[in-house]
Structures are given as structure tokens and as C-alpha cells.
Amino acid sequence: MLASKEIMKFKSYQNQANLFVKEYLLADPLIPYTSIIGGIFACKMVYDLTQLFSTIHFKSYSSLTKIQRIEWNNRAMSTIHAIFITSMSLYLVFCSNLYSDSQSAELLTERSTALSTFALGVSVGYFMADLGMIFWFFPSLGGYEYVIHHMFSLVAVAYSMLSGEGQLYTYMVLISETTTPGVNLRWYLDVAGMKRSKAYLINGVVIFIAWLVARILLFVYMSYHAYLHFDQVQQMHPFGQILVVVVPVVLSIMNLIWFSKIIKGLMKTLAKRQ
């Protein structure tokens, strides 16, 4: 009898919790705000857990300088975000039917769902948290190029989340976050004194390939896609049209500059090993 009552009591609490999440936290008008808060909270949680885990399991962590430990935790935060948003972007752009030309009469530039909006909100929360850390510890966590990158990304993602416009192209750009885990791993290997290791060399080659595909070729494809559907882009709000054109151009220029540095770094590493 007691066990049965406890089970019923638990199910009652569970139903109330599900109702609260469905009717309030994930209600369409509140999704942008709850997802942003959730994104910021997730960043804080990952940062703290990384600090705790690294202190216990990595002996070299305690020997790092204070700013290196902060960057160590920050990079774990950006890696988790990159894995999350890349997975969501690949699913929504290539696996789901949300942006299929044959699935809906609705304009491609105006299609959105609760899931697509929620994922963008989480990303906005991350960019806000990371940008705040960059400003707070400036320039230790990144110089002006990181500020420019994050500002453009934050504005574009936030606009797409709030307006529901251009989410397809926003997700195409966010696929470029697939390079982030590799870049962060390279920093970890460097700090661990493994620059001459085979893992460091393999990491450099993987970054080169991933960057070429996700930050160069994909941006070319996105520009071509926007050109083919420019009649739909023109029906967006003027500010949205500017974002669809300007943000990819700015990020492409930055990606090309960083790509040239990646090539030089890889060639330097290969030359040393020979």
C-alpha cells in the first residue's frame, strides 16, 4: 500500500513537472528566453564540472597559470557547445524535412519550429557567456578578431531566433562550429607539451580538412544556395537581408585569414618532422 502510494505520488509530481515544462518553459512565446537562460546555465555547469574533473584527473592542470586554467575550462565549454549546435545544425539542414523545397509552400527563409528556435536560443546563451568572459579577461581569451566574430554571430543568431527568419542560413553558418573541438584539442595538446607527438600532427591534418569543408566550401555552397533562392531572401525584413549577405562575407574573410595560418602551421609542423 505504501509503495503504491509513493509511486502514485511520484507520478503526480512527474506529471506536474512535465506540464510546467510544456506549458511554461517550452511554450512558444517563452522558448527564446528559456533557451537563452538554459544556454548560459549549461555553460556555467560545464565550466565548473571541467574545473572539478580536471583538478582530480589531470595532474598538469594544477601546474597551469590561473589564466591557463580559465582558458582550459572555457575551451571545454566551447567544445560542448560546438558538439551540440553542430549536431542540431546537421540534423535540421540535411536530415529533417524542415528546409526541403518540396515539403512546404512556406518560404524557406521563414520556416522554423520550436526545436530550431530552442537550439538557436541555447547558442545565443553560449555566445553571451563566452563574449562576457572574453571581455572580462581581455585579451587573454582572444583579441579583437574573437570579439568581432562573436558579435556578428550573436546578432545574427539572436535575430534569427527572435524573428524566425533565415534560420536555414543561420544553421548553415553554425555547421562551421564543427572545427572547434579540433582547435581546442590542439590547444590542450600544446599546453600538455605534446607538440612533437603524432597526435598533434594528426590533429593538424584533421583541422585542415574540417576547416576546408566546414568553413570554406560550405560557405561557398551557402552563398550559391542563397543566390538560387534570392527571391525569397528579398522578402525578408531589410535587416535580415543584410545579415544573410554581410555576416557570411565577414566570417568568410576571417575564415580565410585563419585558414592561411592553419596551412602555415601545418607546413611548419611537417617540416620539423622531416
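1. Glu 177 is buried, at a relative accessible area of 6%. In this predicted model, its partner is Arg 215, and the two form a salt bridge in which the closest N and O atoms are 4.0 Å apart. Arg 215 sits in helix H8 (residues 198-228), whereas Glu 177 belongs to the loop between helix H6 (167-174) and helix H7 (180-191), so the salt bridge ties together parts that are 38 residues apart in sequence. Arg 215 also has 6% relative accessibility and therefore counts as buried, the limit being under 20%.

2. The structure holds three salt bridges. One of them joins the side chains of Arg 75 and Glu 71, with an N to O distance of 2.9 Å. These residues are four apart in helix H3 (residues 66-95), so about one helical turn separates them. Arg 75 is buried, with a relative accessible area of 15%. Glu 71 is likewise buried, at 13%.

3. Another salt bridge brings together the side chains of Lys 44 and Asp 48, at 3.4 Å from N to O. Helix H2 (residues 31-57) carries both residues; they are four positions apart, which means a separation of about one helical turn. How accessible is Lys 44? Its relative accessibility is 49%, and it counts as partly exposed. Since exposed requires over 50%, a value of 49% stays in the partly exposed class. Asp 48 is partly exposed as well, with a relative accessible area of 30%.

4. On cysteines: how many disulfides does the structure hold? The number is zero. A disulfide would be a covalent bond between the sulfur atoms of two cysteines. Cys 43 has 7% relative accessibility and counts as buried. Cys 95, by contrast, counts as exposed, with 59% relative accessibility.

5. The secondary structure is quickly described. The protein has ten helices and zero strands. Read along the sequence, the pattern is α-α-α-α-α-α-α-α-α-α. Helices H2, with residues 31-57, and H3, with residues 66-95, have already been named above, as has H8, with residues 198-228.

6. The UniProt record, an unreviewed entry, places the feature "transmembrane region" at residues 76-94, 114-137, 144-162, 200-222 and 242-263. Two of these spans can be set against the model. Residues 200-222 are 100% helix and 0% strand, and the C-alpha atoms at the ends of the span lie 31 Å apart. For residues 242-263 the end C-alpha atoms are also 31 Å apart, and the chain there is 100% helix and 0% strand. Arg 215, discussed in the opening point, lies in helix H8, and its number falls inside the annotated span 200-222.

7. Some totals for the protein follow. Of its 274 residues, 44% are buried. The accessible surface comes to about 15,600 Å², and carbon and sulfur atoms account for 68% of that area. Among contacts between residues at least 6 apart in sequence, 75% join residues at least 24 apart. The Arg 215 and Glu 177 pair, at 38 residues apart in sequence, ties together separate parts of the chain.

How values were computed. Residues numbered from 1 in each chain as written. Predicted model: local features only at pLDDT ≥ 70, side-chain atom pairs only at ≥ 80, totals over all residues. Heavy atoms only, no water. UniProt positions renumbered as here; feature names shortened; annotations may be inferred. Helix = DSSP H or I, 4+ residues; strand = E, 2+ residues; numbered from the N terminus. Buried < 20%, exposed > 50% of the residue type's maximum accessible area, 1.4 Å probe, protein only. Contact = heavy atoms within 4.5 Å. Areas by Shrake-Rupley, 256 points an atom, 1.4 Å probe, with all protein chains shown as cover. Disulfide = S-S within 2.5 Å.
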